[in-house]
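Grab a pencil and work through these short exercises with the structure open beside you. Try each task yourself before you read its solution.

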Amino acid sequence: MSNQNNKNISIDNTLFDRVVSILEQARGNVVRAVNTNMVTAYWLIGREIVQEIQGGEDRAEYGKQRIESLSAKLQQRYKKGFSTSNLWYFRQFFLTYENRIQIPHPAGGESTLEILHQSGGESPKHYPSDSAFDPSSSILSRTGRELINGFSPQLSWSHYRALMRVDNMEARDFYEREAIECGWSKMQLERQIHSFYYDRIIANQGKKGLLPQSRERLSGERIDPASIIKSPLVLEFLGLPDPPILHESKLEQAIIDNLQSFLLELGNGFSFVARQKHIRFDDEDFYIDLVFYNYILKCFLLIDLKMGKLKHADIGQMDGYVRLYEDQFKIPGDNPTIGLILCSDKSEAVAKYSILNENKQIFASRYMLYLPTEEQLQNEIERERRMIEEVMSERKEIGGEE
């Protein structure tokens, strides 16, 4: 009897798990559908406002009055969410993504969605109101990760509010794609924007680093290790001070405690493998601070944490770690292991020397324990760019590379 009861309980649990899976998926679909419908609705409201008050600065007072009047009526009906500032945001949202989609206005004609993804398309100057919009039909054609009508179900209005503040259109599009691909929350997206993620990729990898195909390599294809290394790494989320007395073990523990944020800062496709990874060679024991694996690029990343200035001995030590790790843990199909030395003071001369001595799998990046100002980060990025350009130039001179 007891066995029968246990069997019934097992069946009930299996049924419960299946039902929970169905409900969770349905709830996720609802959230995505709500996100996209609301974002599209705000875009439509913004378009109506632009059409109503278009005409230039001479109509600024008229536009202000119309927005205030519309806000008062909407708040009377819907209570909240339609303040004058929000309505101005809707207007700016439409102007920012003016060519993203074209949805007919509410007045007779067709009621289909036309996706406008042509680059360099001419912005419409007028917004005709002689076409139809069927309020009974869904704004969405379907749900999914694709930008079916220009706005991803993965992103909320808060995401697009953050994106609107990025003036550079290429940077804005990049952040949007990455937020969708990596599942960034609104706070994670804002952090990447504030830490100049786009600019750091450009500085270290050029515009080719922005393309998905530059990070998602085919199986077995040899990768350029530089394609996943950023410098500087901004680690303000660790909440650590930046004094000389900070010990490496404390930095390591802070990274483990904030692992999700650290993975986000490293880039797309990383997973944590180990801390203080033990490697034995002959009668000697070695310990690698942190080990990660990139499942997109199919390679291990070894990280050695260093306080103070980068030294030649640090490069030699990491070179040994990479060789030992490859010998003991790399499996067929993996790309070459990468060694990254994270240091608080990156010596350009030492880093340059190591690269010119053909340690093409060993890199050094400076970490910053605070969110720098725009000027500070731009200066750091420029310094990195100059060093990389000098290295590449000297490589060509030494090796005769084209």
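**Exercise 1.** In this predicted model, decide whether Y198 is buried or exposed.

*Solution.* Start with the cut-off: buried means under 20% relative accessible area. Y198 comes in at 6% relative accessibility, so Y198 counts as buried. Now do the same for F174: its relative accessible area is 0%, so F174 is buried too.

**Exercise 2.** Work out what kind of aromatic pair F174 and Y198 form, and which helices they lie in.

*Solution.* First, know what to look for: a pair of aromatic rings is described by the distance of the centres and the angle of the planes. The model has a count of 24 aromatic pairs. For F174 and Y198, the centres are 5.8 Å apart and the planes make an angle of 55°. Stacked needs under 30 degrees and edge-to-face needs over 60, so what's left is tilted, and that's the label for F174 and Y198. Next, find them in the chain: F174 is in helix α5 (residues 169–182) and Y198 is in helix α7 (residues 197–205), so their pairing ties together parts 24 residues apart in sequence.

Now try the rings of F272 and F292. Their centres are 5.6 Å apart with the planes at 65°, so this pair is edge-to-face. F272 sits in strand β4 and F292 in strand β5, so here the parts tied together are 20 residues apart in sequence. As for cover, F272 is partly exposed at 32% relative accessibility, whereas F292 is buried at 0%.

**Exercise 3.** Describe how strands β4 and β5 are joined, and what the turn between them looks like.

*Solution.* Begin with the strands: β4 covers residues 270–281 and β5 covers residues 284–294. They run antiparallel, with 10 bridges joining them. Then go to the end of β4, where F281 has E284 in β5 as its bridge partner. Finally, look at the turn: β4 and β5 make a hairpin with 2 residues between them. One to spot there is D282, which has a positive phi of about 55°.

**Exercise 4.** Find out how many residues of helix α4 are buried, and which rings W157 and Y160 are linked with.

*Solution.* Helix α4 spans residues 157–164, and 6 of its 8 residues are buried. They are W157, H159, Y160, A162, L163 and M164. Next, follow the rings: W157 and Y160 belong to a cluster linked by ring pairs, together with Y42, Y78, F82, F90, F93, Y97 and F151. One last stop is Y97 from that cluster: the charged end of R172 sits over its ring, 5.7 Å from the centre. Likewise, R161 lies over the face of Y89, 3.6 Å from the ring centre.

How values were computed: Residues are numbered from 1 along each chain as its sequence is written. This is a predicted model: local features need pLDDT of at least 70, side-chain atom pairs count only at pLDDT 80 or more; totals for chains, interfaces and linings use all residues. Side-chain values use heavy atoms; hydrogens and water are left out. Two strands pair if DSSP finds at least two bridges between them. Helices (H or I, at least four residues) and strands (E, at least two) are DSSP runs, numbered from the N terminus. Buried means under 20% relative accessible area, exposed over 50%, partly exposed in between (1.4 Å probe, protein chains only). Rings of Phe, Tyr and Trp (its six-membered ring) pair if their centres lie within 6.5 Å; planes under 30 degrees apart count as stacked, over 60 as edge-to-face and the rest as tilted. A charge sits over a ring if NZ of Lys or CZ of Arg is within 6 Å of the ring centre and within 35 degrees of the ring normal.
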